[in-house]
Amino acid sequence: MDDPRDEPLLPAPRGPLSRAVTTYLRGAGPLPSEAEAAAAPVYGEDLQLALYLCYELHYRGFADVAPTLEWDPDLLRTRAAMERRFLAALRADAPRHDSVEDALAGILVEPVDGTGVSHFLRDKGELWQLREYAALRSLYHLKEADPHAWVLPRLRGRAKAAMAAVEFDEYGGGRADRVHAQLWADLMDDLGLDTTYGRYLDAACAELLVTVNLMSLFGLHRTLRGALVGHFATVEITSSPGSRRLAEAMRRTGAGPAAEHFYDEHVEADAVHEQVVRKDVIGGLLEDEPQLEADVAFGVAATVFTEDRLGDRLLADWGEGRSALRTPLSQEVTHGS
C-alpha cells in the first residue's frame, strides 16, 4: 500500500449514493444500484461526491482503502452509470458551438465591466473570502496539471510536443519548489490553511466538486481527449487576466508573499501558455484529427458552464455575507498562524 501519510481520509457521505460508495470502499457493504444512481440529482451533493470518490482512486486514493479498488469491475460499472448521467447533462446544458473558434470567442475578450469571482475578490473581497476560495480550489490546485497529463499518450506530433512543454512548466520545469501544486500549498500557508491533500473535501460544495469531476471525466476517457484539450485551453486562456485580479486581491488584503507569488507567476506563464495551447495543442490536434473539433468546442463550453455555476454560488453566498463552505473555516485560524 502507498504511504498512508499521502492519502486523505474518506469524507462524510452526503446521501445514499455516496454512503454506499464509501461503505463499499471500506469493504463493509454493497455498491448502490443503477436505479439509485439514476435517482440522485446529477449536479447534487450526493452524486458528485460519489463520483469524486471513484475518481480520486486514480490520483492518491484514500487512507485505509485498498489500492486494488482503482480497477474494481463493480466499482467501475457504478462509476460508468454516474458518468453517463453527468456527461448527458453537460451535453444538454452547456452552450453549443459550431466551431472551436466560436466556442473560444466568448472568453478571448475581457468584458469591460466584469462581474465574476476574481473581480469581486479584487474589488471588495475580504481575507476570509480569499481563504475560503483557496480552501475550495485546493481540491484541484494541489493536483494541478495531473488531470491534463492523462491526455499526453493520446496525442501525437505537434499537439503532443506542445502539451508536454506546457505541462513541464506546470510541474515546475524540473524544480520541486516551483511545481504549481507546491506554489499553491505555499499560498495556503500564507493564508493559515491546512495544506494536507484533500483536507477541505468535506467543506466543498457540489458546484466545486463538479468542476474537479469534469477534469477527471475528460481525462480518464480517451474518447473525450478533445474535450480535455478544450478544457485545458479554457483554463489557460482565462487564467492570466483572472490571476492578475487575484494577485491584486492578495496584495490589497495583505495575504502574504507566497499568496501573491502564485498568481503573479500565472499572469506571465499562462499568457504564454495560451498562445501555445491555441496554436499548437488545439491546432496540432485538429490537424491530425479534424473530426474532434466538436469535442474540443464541447470541452470549452462545459468548462465555462461549470465554472459559471461555481461562480454564481460563491457570489450569492458572499453577497449575503455567509460562508460558501459546507463547514466554515475555523475562526481561530488566522493569517500567519
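Biologist: Between which two helices does Ala 145 lie?
Modeller: Ala 145 sits in the loop between helix 7 (127-141) and helix 8 (146-149). The model is predicted, with local features taken at pLDDT of at least 70 and side-chain atom pairs at pLDDT 80 or more, while totals for chains, interfaces and linings use all residues. Numbering starts from 1 along each chain as its sequence is written, and side-chain values use heavy atoms, leaving out hydrogens and water.

Biologist: Why is Ala 145 called buried?
Modeller: Its relative accessible area is 1%. Buried means under 20%, exposed over 50%, and partly exposed in between, using a 1.4 Å probe and protein chains only. Ala 145 is therefore buried.

Biologist: What is notable about the phi of Ala 145?
Modeller: The phi of Ala 145 is positive, about 85°, and Ala 145 is not a glycine. Most residues other than glycine have a negative phi. Asp 64 also carries a positive phi, about 65°, without being a glycine.

Biologist: Where is Asp 64, and is it buried or exposed?
Modeller: Asp 64 lies in the loop between helix 3 (45-56) and helix 4 (73-93). Its relative accessible area is 70%, so Asp 64 counts as exposed.

Biologist: What makes Glu 7 buried or exposed?
Modeller: The value for Glu 7 is 9%, so Glu 7 is buried. Glu 7 belongs to the segment before helix 1 (16-25). Its C-alpha atom is 9.3 Å from that of Val 65, though the two are 58 residues apart along the chain.

Biologist: How many helices and strands does the protein chain have?
Modeller: The protein chain has 14 helices and 0 strands. Both are DSSP runs numbered from the N terminus: H or I over at least four residues for a helix, E over at least two for a strand.

Biologist: What about the order of elements, and why is the chain called compact?
Modeller: From the N terminus on, every entry in the order is α. The radius of gyration is 19 Å, close to the 20 Å that the globule rule gives for 337 residues, so the chain is as compact as a globular protein of that length. The radius is taken over C-alpha atoms, and the rule is 2.2 Å times the number of residues to the power 0.38. Those C-alpha atoms fill a box of roughly 55 × 50 × 40 Å along the principal axes.

Biologist: How much of the protein chain is buried?
Modeller: Buried residues are 55% of the 337. The largest nonpolar core has 108 residues, and Leu 187 is one of those with the most contacts inside it. Such a core is a set of buried Ala, Val, Leu, Ile, Met, Phe, Trp, Tyr and Cys residues joined through side-chain atoms within 4.5 Å.

Biologist: What does Met 250 touch?
Modeller: Contact means heavy atoms within 4.5 Å. Leaving aside neighbours within four places in sequence, Met 250 contacts residues including Leu 130, Leu 187, Leu 191 and Tyr 263. Met 250 is in helix 12. With a relative accessible area of 1%, Met 250 is buried. Met 250 and Leu 191 are 59 residues apart in sequence, yet 9.7 Å apart C-alpha to C-alpha.

Biologist: Which residues of helix 6 are buried, and what do they pack against?
Modeller: In helix 6 (residues 117-124), Val 117, Ser 118, His 119, Phe 120 and Leu 121 are buried. The buried residues of helix 6 pack against helix 7, helix 12 (225-253) and helix 14 (293-319).
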